[in-house]
Amino acid sequence: MATATHGLHGYYVEDLSEGMSAGYTKTVTEADVVIFAGISGDNNPVHINEEYARETPFKGRLVHGMLSASLISTVLGTRLPGPGCIYIDQQLKFTAPVTIGDTVTATATVLEVGERGRVSLKTTCTVGDKVVVDGVATVKVNRREK
């Protein structure tokens with residue numbers, strides 16, 4: 001996995017190449033779900049009401065899909081490409097549920113370094129070996145000043 005080594009600035013576009021990868025891992029807590037519900041306003045009872053959630057096909061509360069997906073932003077903004085990049089686009093597919101107490105690993109892998117500093121990255125979130133979020137992101141990355 002890559003590590004940005006440029007202080008407060010992440011990788012420059014010239015430093016990036018296809019296949020570079022970085023990740024971030026977090027165990028999702030009850031507090032994370034409650035705080036995310038408060039911040040986002042998404043108070044769907046499948047996330048915050050255990051009695052309601054037990055009656056769903058999932059038989060319990062689920063973590064917000066966007067909470068899991070937000071860990072991708074952590075990777076992009078702090079690791080690869082890192083500080084200074086600008087998130088332009090994200091395509092997501094939610095493929096499996098995440099529950100409180102699950103440990104989610106978000107990973108970004110460079111697919112293509114394009115013109116004008118645009119970088120395409122494969123983005124995934126996994127719980128163990130199971131992919132729970134799958135997608136592709138595009139970010140703008142600065143060029144090194146001449």
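**Exercise 1.** In this predicted model, work out whether E145 is buried or exposed, and place it along the chain.

*Solution.* Start with the number: E145 has a relative accessibility of 77%. The cut-off for exposed is over 50%, so E145 counts as exposed. Next, find its spot: E145 sits in the segment after β5. Finally, pick a partner for scale: G82 is 63 residues away from E145 in sequence, and their C-alpha atoms are 17 Å apart in space.

**Exercise 2.** Sort out which residues of helix α1 are buried, and find what they pack against.

*Solution.* First, list them: within α1 (residues 30-40), the buried residues are D32, V33, F36 and A37. Now look down the axis of α1: these residues fall within an arc of 130 degrees, so they line one face of the helix. That fits a general rule: an α-helix has 3.6 residues a turn, so residues three or four places apart point the same way. Flip to the other side of α1, and you'll find I35, G38 and I39 exposed. As for packing, the buried residues of α1 go against β1, α2 (45-48) and α4. Just past α1, G41 has a positive phi of about 80 degrees.

**Exercise 3.** Lay out the strand order of the open sheet, then add the helix that lies across it.

*Solution.* Write down the order: β1-β3-β4-β5-β2, five strands with antiparallel pairing. The ends are β1 (21-27) and β2 (86-94), each pairing on one side only. Zoom in on β2: it pairs with β5 (residues 130-140) over eight bridges, and Q90 stands opposite A137 in β5. Last step: helix α4 (residues 65-78) lies across β1, β2, β3, β4 and β5, at about 140 degrees to β2.

Methods. Residues numbered from 1 in each chain as written. Predicted model: local features only at pLDDT ≥ 70, side-chain atom pairs only at ≥ 80, totals over all residues. Heavy atoms only, no water. Pairing = 2+ DSSP bridges. Helix = DSSP H or I, 4+ residues; strand = E, 2+ residues; numbered from the N terminus. Contact = heavy atoms within 4.5 Å. Axes fitted to C-alpha atoms, helices over the stretch in contact; angles between N-to-C directions. Buried < 20%, exposed > 50% of the residue type's maximum accessible area, 1.4 Å probe, protein only. Arc of directions from axis to C-beta.
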